[in-house]
Amino acid sequence: MARPHAASVMEDAWHRRLDRMLRHRGWKTRIISHTGFGSESLVRVMGRILLTNDPHTRGSADATASALELFHADNAQRGWRAFLTAPALDVPVTATINGVRTHGRADRSGLIDIPVRGHGLSPGWHEVHLTSPDAEPTTAAVFIVGDDETFGIVSDIDDTIIKTSLPRPMVAAWNTFIRHEGARRPVPGMASMYRALLEEHPKAPILYLSTGAWNTAPSLTRFLRRNGYPPGALLLTDWGPTNTGWFRSGQDHKRSWLHRLARELPNVKWVLVGDDGQHDPATYGDFADERPEAVGAIAIRELSPTEQFLQHGIPLSNEEFSLRVKHQEGVPVCRAPDGYGLLRLLRVALGWEPVPRD
């Protein structure tokens with residue numbers, strides 16, 4: 001096995017020292033539950049374990065959090081607070097489903113991803129009980145996709161459902177760390193588009209795939225809930241060093257999850273939704289080339305000239321990405337500036353409505 005990168009070694013050493021110091025001061029572990037998903041044979045229970053000086057405080061990034069809790073949290077926090085966390089390293093955690101316990105451990109960033117086979121859950125929403133030493137027990141929501149389900153949605157987040165103006169550094173820092181959660185703006189029509197698509201397939205999954213940090217999961221869940229987006233699992237990443245370098249690859253993160261979804265939910269044909277400000281068209285196009293049977297359609301939200309300027313510093317059309325996905329053989333590609341236009345095109349592309357005549 002290759003030697004870990006120096007950056008990850010330093011980060012792990014810092015986290016271990018911080019862990020010892022905080023535990024010496026009486027801090028305990030807290031389970032932050034994330035929404036999980038899976039098939040009738042395998043479900044992924046997801047979450048994160050942090051250290052806290054208030055062992056009775058309970059945190060949740062679940063879609064099942066109360067509306068009152070979400071409202072108060074939305075208007076009380078700025079983005080930077082989500083990054084002032086201390087992960088609990090290598091802590092044991094137990095997921096209990098139907099009285100059967102499955103044991104796992106948090107990774108070097110405190111993240112939990114426990115695969116549970118033979119869970120016996122029927123398609124739809126369920127709750128899983130999570131326990132860990134020194135932590136208050138909590139529950140995590142999981143969505144089970146039926147073996148006969150053939151439709152699903154994978155959605156990007158930044159500039160696809162929420163206007164973030166990433167990755168221009170100063171604007172990104174302002175949106176992520178300074179602005180109140182309640183000041184973030186949704187992209188017009190995207191929430192109603194997702195609701196309309198899922199009305200045609202009410203038992204279909206929707207997954208929000210982003211290169212954003214897991215620290216932002218609770219605030220993103222509150223944003224989705226407040227703006228009427230359908231509940232679904234967040235598939236985020238961990239910022240910072242990896243075993244191979246100073247930063248992880250966002251494109252590799254998305255590609256890895258898309259192929260994992262194709263393996264674990266082989267009957268589902270996904271509608272892949274993203275924007276043309278970054279690499280979504282190329283990433284989705286490559287995936288459709290490699291696994292055309294897993295893609296029902298690609299929907300690309302076109303950024304305005306102003307948004308393109310914020311993304312790249314110059315007003316460009318991003319043709320290097322749009323051209324790559326425009327001619328995707330065998331997979332319909334829809335392009336529009338908002339969810340209203342994308343929905344009209346997707347209904348035709350998916351065969352739900354006849355092709356309009358000129």
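Start with the whole chain: among contacts (heavy atoms within 4.5 Å) between residues at least 6 apart in sequence, 74% join residues at least 24 apart. The model is predicted: local features need pLDDT of at least 70, side-chain atom pairs count only at pLDDT 80 or more, and totals for chains, interfaces and linings use all residues. Residues are numbered from 1 along each chain as its sequence is written, and side-chain values use heavy atoms, with hydrogens and water left out.

**Whole protein**

Switch to a cartoon view. The protein has ten helices and 16 strands. These are DSSP runs, numbered from the N terminus: helices are H or I with at least four residues, strands are E with at least two. Of the 358 residues, 52% count as buried. Buried means under 20% relative accessible area, exposed over 50%, and partly exposed in between, with a 1.4 Å probe and protein chains only. Now show the surface. About 17,000 Å² is exposed, and carbon and sulfur atoms supply 55% of that area. The areas come from the Shrake-Rupley method with a 1.4 Å probe; for residues, only the protein chains shown count as cover.

**The six-stranded sheet**

Select strands 13, 12, 9, 14, 15 and 16. In that order they form an open sheet with parallel pairing. Two strands pair if DSSP finds at least two bridges between them. Which strands stand at the edges? Strand 13 (233–237) and strand 16 (333–336) do; each has a single partner strand, so one side of each is left without a neighbour in the sheet. The twist averages 20° from one strand to the next.

Zoom in on strand 14 (269–275) and strand 15 (295–301). They pair in the parallel sense over six bridges. Pick Asp-275: Arg-301 in strand 15 stands opposite.

Next, add helix 10 (339–349). Helix 10 lies across strands 14, 15 and 16, and runs at about 160° to strand 16. Axes are lines fitted to C-alpha atoms, for helices over the stretch in contact, and angles run from 0 to 180 degrees between N-to-C directions.

**Two residues to click**

Go to Thr-216. Find this residue in the loop between strand 12 (206–213) and helix 5 (217–226). Is Thr-216 buried or exposed? Thr-216 counts as buried because its relative accessibility is 12%. Its side chain reaches the backbone oxygen of Ala-213 at 2.7 Å.

Finish at Leu-50, in strand 2 (42–52). With 6% relative accessibility, Leu-50 counts as buried. Then select Val-91, 41 residues away along the chain. The C-alpha atoms of Leu-50 and Val-91 are separated by 9.7 Å.

Conventions: Polar contact = N/O pair within 3.5 Å; in protein donor to acceptor, adjacent residues only side chain to side chain.
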